[in-house]
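Trainee: I would like to work through the interior of this model, beginning with its enclosed spaces. May I put my questions one at a time?

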Amino acid sequence: MSKVERRPHNHPASSYPENSGRRQLAISAALAVAVALTYGGSLRNGFVNFDDDRYVFANPHVQQGLSLSNIEWAFRATDCANWHPITWLSLQLDVTLFGPKAWGFHFANLLLHGANVLLLFHVLSLLTGALGRSALVAALFAVHPLHVESVAWVAERKDVLSGFFFFLALLAWYRYLRQPGWRPYGVVMLALACGLLAKPMLVTFPFVLLLLDWWPCARWRPLTETDETTRAFDPQSAQRLLLEKVPLLVLAIASSIVTYLVQRQGGAVISAEQLPWVERLANVPVAYAAYLAKAVWPVRLAVYYPHSATDLSIGPPFAAGVLLLATSGAAVMTARRRPYLFVGWFWWLGMLVPVIGLVQVGTQAWADRYMYLPIVGLWMAVIWGGHAFETSFCWSRWPLRGLLACSLLGSGLLSHRQVGYWHDGVSLWQHATEVGPPNPVAYNSLGIALAERGEPEEAIEWFKKGLALAPDDERCHQNLALALTAVRRFEESLDQFQEVLRINPDNSLAQFNAGVLLEHRGKPAEGIEHFRRALEIDPTYWRAHLQMGRALLKTGQTTQGEYHIQEALRLHPELLNRRRP
């Protein structure tokens, strides 16, 4: 067996293969065309009722575009239980450049993903000197269906944006290895900081660099050169490589702390009472196995995968855990002879750690978007491993290359179809109900999308399906109540609002609407009590002030009624304009 190529310490591939300039340009053009063909349909898509409102079309700071006040807000905002000012700034820039229509945001996502594909190709080519294999990794990254969620979902701008800074940081790292110094190292830190401010998924960046130090950079200096498979490594070399990453690690730790605090304050962190540790730990190997399966066979992809740890027996977590341990052990054992397998596998395994559910944020078990950067490691292992297999054992290269071509074509077609499901909220959640297991989140979200499209009768049926699975789902009861109100089924609507208040008496919207419905039934005194409770919860609720004022006037309590109407006018001066002819 031939020895693994080891380049001199601290010296990655310095150039592309000879006479590769035209090939590089042609490959880059082909990759750009592949991205455009695969995701171009997203330009016809609109917004969806899955955070697009909070991030874009109902967010005044984004809708106003870039301004000094909005830039200041971006660095202060913890909306959506996240602190990612660079993401907010990019969305504001979209409005400034393209206006508030959905196509502009989709276009920016498309450009960022295309840039990430080209950067990945460029960085891998520089680090490895293998132009063709780097192109194949970039092509798989470009068209894989697991990336549709990151590219076609406007609110997931943070994925493609943080990915852009991730690859820029890798490119800057390559420059640092070529010419070490504080200035190039500072560029690496700046790129990483920007990426963390777009999405804290990049906290594993120092770990990725340590893997790249092993292969292809070969910076782990051996003590002896006598035996490629058994040599020991210089502890001073290891210490130096670790110390070199400390400033980057400090950035990652700071980002992790801030992210956790903001998400906990925003109520996004699921407590141990809501999801016990035993269930989280059981879900970890199952989630890894699900990601691996969907990378190989990307079908039945959905926007939401419900957390089903409570339904798991010991079998699936045990089997998935054995698979992961066995594969990890094999990767470690072949780390010196086949370093690309070790690096690729642990790139994928390690980059998923922040989102694997040990610290559970949200109720999903896993999500397609979390594979955006981790999947690069899998493709590196597959492509370099396939090349080694082809070189050593295959008498003909065409079978493997034909399989790869079919995989690329199939992935592109599947992604193109998947993009269409993101056209609007109805098609997105309708698809989720068809391919995923029954879950109240998908049913409730589809009901909301139908109600927003002016189809409340259809929405009611989906809300009822959601409540059949989760009878104490406060949001689903409230949405059903609003849909029933829209079709003038007031008695049923009042019953649903009262269910909401049974579950959560501090729901000011339900208190207000219950008061309106009671007043409509000729019970103003009972309605006033609900308005009073709504104002105790939220004293700035101007609609409650206005409705309470009117109800008090009807019951002859003129002074108090006028007071609440004046409060409504003070909190919402636009009411004066409505009163004018």
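Trainee: How many cavities of 30 Å³ or more does a search of the whole structure find?

Mentor: Please keep in mind that this is a predicted model. The largest cavity has a volume of about 70 Å³. Over the whole structure, the number of cavities of 30 Å³ or more is three.

Trainee: Which residues that line the largest cavity are the closest to its centre?

Mentor: Helix H8 (148-152), H18 and helix H19 (425-435) are the elements that give two or more residues to this lining. By class, the lining has nine nonpolar, two polar and two charged residues. Of the 13 lining residues, the closest to the centre are Ala302, Val303, Asp368, Gln418 and Trp422.

Trainee: Which helix supplies the largest share of the lining of the second largest pocket?

Mentor: This pocket has a volume of about 1,000 Å³, and of its 35 lining residues the closest to its centre are Leu140, Val382, Ile383, Gly386 and Leu404. Helices H7 (131-143), H14 (277-296), H15 (315-333), H16 (339-351), H17 (375-393) and H18 (398-421) each supply at least two residues of the lining. The largest share is nine residues, and the helix that supplies it is H17.

Trainee: How many charged residues are in the lining of the second largest pocket?

Mentor: By class, the lining of this pocket has 22 nonpolar and nine polar residues. The number of charged residues is four.

Trainee: Which helix gives the most to the largest nonpolar core?

Mentor: The largest nonpolar core has 146 residues, and those with the most contacts inside it are Phe166, Trp347 and Trp348. The helix that gives the most, with 13 residues spanning part of 157-178, is H9.

Trainee: Which residues of the second, separate core can be named?

Mentor: This second core is separate and has 10 residues. Its members include Phe512, Ile528, Leu535 and Met548.

Trainee: Which leucine residues does tryptophan 347 touch, not counting residues up to four places away in sequence?

Mentor: Trp347 is among the residues with the most contacts inside the largest nonpolar core. Its contacts include Phe166, Val208, Pro374, Val376, Gly377 and Met380. The leucine residues it touches are Leu170, Leu211, Leu212 and Leu373.

Trainee: Is cysteine 194 buried or exposed?

Mentor: A residue counts as buried under 20% relative accessible area. Cysteine 80, at 15%, is buried. Cysteine 194 has a relative accessibility of 19%, so this residue is buried.

Trainee: How many disulfides does the structure hold?

Mentor: A disulfide requires a pair of cysteine sulfur atoms within 2.5 Å. The number of disulfides in the structure is zero.

Methods. Residues numbered from 1 in each chain as written. Predicted model: local features only at pLDDT ≥ 70, side-chain atom pairs only at ≥ 80, totals over all residues. Heavy atoms only, no water. Buried < 20%, exposed > 50% of the residue type's maximum accessible area, 1.4 Å probe, protein only. Core = buried A, V, L, I, M, F, W, Y, C linked by side-chain atoms within 4.5 Å. Helix = DSSP H or I, 4+ residues; strand = E, 2+ residues; numbered from the N terminus. Contact = heavy atoms within 4.5 Å. 1 Å grid on protein atoms, 1.4 Å probe; cavity = no way out; pocket = protein on both sides within 12 Å on 5 of 7 lines; lining within 4 Å. Points joined across faces, edges and corners; volume = space filled by probe spheres on them. Nonpolar A, V, L, I, M, F, W, Y, C, P; charged D, E, K, R; others polar.
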